[in-house]
Amino acid sequence: MVSILRNVAIDCADPYELANFWAKVTGRPLHPEDKPGARETQVLLAEGPMLYFNQVPEPKKTKNRIHLCLRPETSREQEVERLLGLGATFVTDQRNPDGTGWAVLADPEGNEFCVLRSESDRASTGF
């Protein structure tokens, strides 16, 4: 017997607004029944589990124990700039001079996530 991963749940104050941010990040739609003011919303990813946003009364207070890692289609640097333009904030720089590493950003409610190197970034450095 095994369990199937159905979704990644993200607690937040405003599920609809945060789901809209992540829909723009991933280029994927919200569930068609989701509306402003909803206590639960979903971003329907192309494959794998969906992103599920659940309204909770308390704000985020500490570092996430689980976070999302993104591998962009464009370069890591271009994606970081795009995400900052969508409303993300820069948390910490884990990028190395040799091109390895990642950038840590936070979504509009403070949930940290990483932006990894793209496949083309990885190919240009050979690792």
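I begin with a definition: two strands pair if DSSP finds at least two bridges between them. The model I am looking at is predicted.

**Entry: the sheet**

With that definition in hand, I looked up β2 and β3, and I found that four bridges join these two strands, which run antiparallel. Along this pairing, V43 stands opposite L51 in β3. I then followed the strands across the sheet, which is open, has three strands in the order β1-β3-β2, and shows mixed pairing. β1 and β2 (40-43) are the edge strands, since each of them pairs on one side only. From one strand to the next, I noted that the twist averages 25 degrees. Helix α1 packs on this sheet and touches β1, β2 and β3, while its direction makes about 5 degrees with that of β2.

**Entry: the core**

Which residues have the most contacts inside the largest nonpolar core? I found that this core has 22 residues, and that those with the most contacts inside it are W22, V43, F53, L83, L105 and F113. The elements that give two or more residues to the core include α1 (15-26), β3 (50-55), α2 (76-86) and β7 (112-115). α1 gives the most, with seven residues. I picked L83 for a closer look and, leaving out residues up to four places away in sequence, I listed its contacts as F21, V25, L70, A88, L105, F113 and V115.

**Entry: the cysteines**

How many disulfides does a search of the whole structure find? The search finds zero. For C12, the nearest cysteine sulfur is that of C114, and it is 19 Å away. For C114, the nearest cysteine sulfur is that of C69, at 4.3 Å; a disulfide needs the two sulfur atoms within 2.5 Å, so C114 is in no disulfide. I also checked whether these residues are buried or exposed: C12 is buried, with a relative accessible area of 2%, and C114 counts as buried at 6% relative accessibility.

**Entry: E79**

My last look was at E79, which is found in helix α2. Is E79 buried or exposed? Its relative accessible area is 9%, and because buried means under 20%, E79 counts as buried. The side chains of E79 and R82 are joined by a polar contact of 2.8 Å. Again leaving out residues up to four places away in sequence, I noted that E79 touches V25, P72, T74 and V115.

Note on methods: Residues numbered from 1 in each chain as written. Predicted model: local features only at pLDDT ≥ 70, side-chain atom pairs only at ≥ 80, totals over all residues. Heavy atoms only, no water. Core = buried A, V, L, I, M, F, W, Y, C linked by side-chain atoms within 4.5 Å. Buried < 20%, exposed > 50% of the residue type's maximum accessible area, 1.4 Å probe, protein only. Contact = heavy atoms within 4.5 Å. Axes fitted to C-alpha atoms, helices over the stretch in contact; angles between N-to-C directions. Polar contact = N/O pair within 3.5 Å; in protein donor to acceptor, adjacent residues only side chain to side chain.
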